[in-house]
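This report describes selected local features of one protein model. It treats a helix, a pair of strands, an open sheet and a single residue in turn.

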Amino acid sequence: MAFASDGNLKDGGGSVVTVEKVKKGMPANVVSPWRVPYRLTAGTLPHSVRRTYGVAANGLTANFSVQDGSAQKEVWTENFDDANALNAWTIDKGVDNQITFALKNASTSFSTIDESNVTSLYIEGGYSMPKRTKGYATSGEITVPDNGRLHAYVSMSSNMSGYASLVIQISDDNFETVTDLWTSLDVTTTGRQWVPVDCDLSAFIGKTVKLRLYYGPGKGDYVGGSLADFYVDGMSITGVETIDQITVKTGERIQFADLSVGTPTGWLWSFPGGTPETSTERNPEVYYEKAGTYDVTLKVTDSEGADEVTKTAFVNVEGQTPVAGVVWPSEFRDYNTRMRMVAPLAPVTYKDNSELYPTSYMWTFLSEYEVTGSTIIPKVYEGKEVDYVHEKLNKYYVTHIVQNETGYDFVDDSVQVQFAGLVTNFQKNDTYHTNYTDGELTLPGANNMGITAWAEKISKPSQPVLMTAMYVNFTKASATEVTDQIAPVSFSLYTSENGVPGQRIDLLDTWTISELNYAMTNAGGSVQLELSKPYVIDDEVFVVIDGIPAKNDNLECAFAMAPLRDNGNTAYMLKNDEWRPFTGYFQAAPGGQTSLAVYPYFSYSVLFKANVEAETNVVTRDDTPTEVGKEAGTVAIPVFAYLGVAQYVESSASWCRFTGSPQGEYTVENVTVEYDTLPEGIDEREALLTITDGVQPLQLRVVQKRSAATGIEGVTLKDTKKHATAYDILGRRINSTSTQKGIYIIDGKKVVR
């Protein structure tokens, strides 16, 4: 690498490479070196090729289609647009006619789905809780075709699931026996919206059935329903007919449908290029990762013979440009910069999280000190997963580029590289926010909605961290009743199990409502938890807040959160003894996502054998073993330990051992090792010596060789004592020294690299 006469960096070939900070998505007139224009390969026209095995006296004939809109044929429909539509249904309005069944326009009109819509079926329970009851509307008789499916739309909000439910039922014996096809209680998205219904009717093929819209009890209520309302529209039962070709996008799932004549007892499907490539199911589901046209073959068998059909070019797959995504080394962010905080001078892992099947993966990493001009040559790392050591502090630009034969996409973001700091899950533009729902809920906080605890997820750190402090920002805390004033609000650390709080690790602290009120008055709502000890965090955990009394006219208690957004949810709630994310609850999905105002103070455990440059005293990692000569002696091994060396643990060999004890007060410390003379007849031996900073261990390899030089001298450790750094709740440093640019500086000299 060299500088051109104009000052620009040039690669070995002499070409100038320019890197600019750009927004996601390249301008149309920019030609990317990674972009490959996609062209659909011309194939043969769709047609069928048949092969018969033996003689099938019963006329067994292989055939198939798909459960796709283009292949479906309706055998029954009900759009509730005719003013007399309900005359075809049997209506039961429950006790005292409490349930309403009527044709009217929905608050969110079905015309957004069906432009010709006139009215929808409205179902509503009574508003008197003591008179809650059950009701239903039953259709006339319908014959279910082969490959039959039920389709419908229900307008609802799962927030009302505690009061009532709607169940779509089916029966082939006039409801002597009943099968539930769909229930509103399984829907988790909230906010009024049209929820699509798609149910398999294979158990009722060829049977005459009736459908029932059953309005009944909500969760935990076995008497009946009240208060909640639903709209139903777009009901149909469909079968499947033969088509020549289906067109899908990469990744879209295709539900195949057997249409064979006769009664086959075995199916063998072949999907070259698909996933899976073969199946013995009657109606398998398949998807394709690459664009192209694909043949499909079905062989069916029975006791008398077999038949096989191949439909060439049956599946036409259109490629899609991949959507770049990254699994970051950690998701929590530095309080000040709101960038994800990762450890310096330690390997951290970046993983691809892209969608739509990229085939190549590239990464670049640039520190803010490298991006000082318009001409740089970034090193490109390839692969779905990259381990990278950030050798400088502060901001790093991270770019991840993915491509396939259709196109390319990239993520361009930044991380904050630092040893310690106050962290948060708030994103760059998030502000403090508390949302109130009159009468039922202070969000997040006191409520009478069955929410008994709140939790904030803290991601696994890029390296183990030591948590030494934590803050929670409260916005309301007042109570009139003495029992509420002395109610203990608890703050606990929990494990993560299947993405929700699992087992309690420890109780961190408790505050009464009165104490929280004092913090509101005197500390702006900033509550600093009094931790009894530091905590090592090396996995995803949750901070759980519980014990807040139920909401009433004499109590207000709430803490801050980020505004509801459509991504990055880290907030959870324990509702009716079940943990669930905020996502889709207080707003329709993907909305309703947020983060709670919980701020731990983390210090990364960074521990490695160090190399200290003699002239500049700059520290870099040294992963090579320490070599010593054949004669007995001592060697001083420089070790970088941001948290200080806490203990010399053990040596794997008696001939090599620690001398002295760790000081634990320096960032770089000489670990002095004593070793014996190498016995005759042995040319080389190795010992592993383990030390720890109290968070994680480090093994130092000492290799004694007959041909090696004498022991290596340690470095001079003057001026290496660490400076204590503290932060207030706003993230401002207290009594700290400014951090030098570049790699971590040992002796305080200003070194610009």
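The model is predicted. On one side of helix H2, Tyr-518 and Thr-521 are exposed, on the other side from the buried residues Ile-513, Leu-516 and Ala-519. Helix H2 itself spans residues 513-522. Viewed down the axis of H2, the buried residues fall within an arc of 115°, so they line one face of the helix. These buried residues pack against strand S38 (465-479), helix H1 (482-485), strand S39 (488-497) and strand S40 (500-512), as well as against strand S41 (526-529) and strand S44 (555-559). After H2 comes Gly-524, which has a positive phi, near 65°.

Two parallel strand pairs can be set side by side.

| Strand pair | Sense | Bridges | Residue and its partner |
|---|---|---|---|
| S17 (246-249) and S24 (305-318) | parallel | four | Ile-246 and Val-315 |
| S50 (626-628) and S56 (697-705) | parallel | three | Glu-627 and Val-703 |

Strand S17 also has two distinct faces: Ile-246 and Val-248 form the covered one, while Thr-247 and Lys-249 form the uncovered one. Ile-246 thus belongs to the covered face, and its bridge partner in S24 is Val-315. In general, the strands of a sheet pair through backbone hydrogen bonds, in either a parallel or an antiparallel arrangement.

Strand S50 also takes part in an open sheet of four strands, ordered S50-S56-S55-S52, in which the pairing is mixed. Strands S50 (626-628) and S52 (647-651) stand at the edges with a single partner strand each, so one side of each is left without a neighbour in the sheet. On average, neighbouring strands of this sheet are turned by 25° against each other, direction ignored. At the S50 edge, the pairing with S56 is parallel, and Glu-627 stands opposite Val-703.

Which strand of this sheet holds Leu-688? Leu-688 is found in strand S55, residues 684-692. Is Leu-688 buried, partly exposed or exposed? Its relative accessible area is 25%; buried would require a value under 20% and exposed a value over 50%, so Leu-688 counts as partly exposed. Setting aside neighbours within four places in sequence, Leu-688 is in contact with Glu-650, Ser-651, Ser-652, Gln-699, Leu-700 and Arg-701. For one of these residues, Ser-652, the C-alpha atom is separated from that of Leu-688 by 5.3 Å, although the two residues are 36 residues apart along the chain.

Note on methods. Residues numbered from 1 in each chain as written. Predicted model: local features only at pLDDT ≥ 70, side-chain atom pairs only at ≥ 80, totals over all residues. Heavy atoms only, no water. Buried < 20%, exposed > 50% of the residue type's maximum accessible area, 1.4 Å probe, protein only. Arc of directions from axis to C-beta. Contact = heavy atoms within 4.5 Å. Pairing = 2+ DSSP bridges. Axes fitted to C-alpha atoms, helices over the stretch in contact; angles between N-to-C directions.
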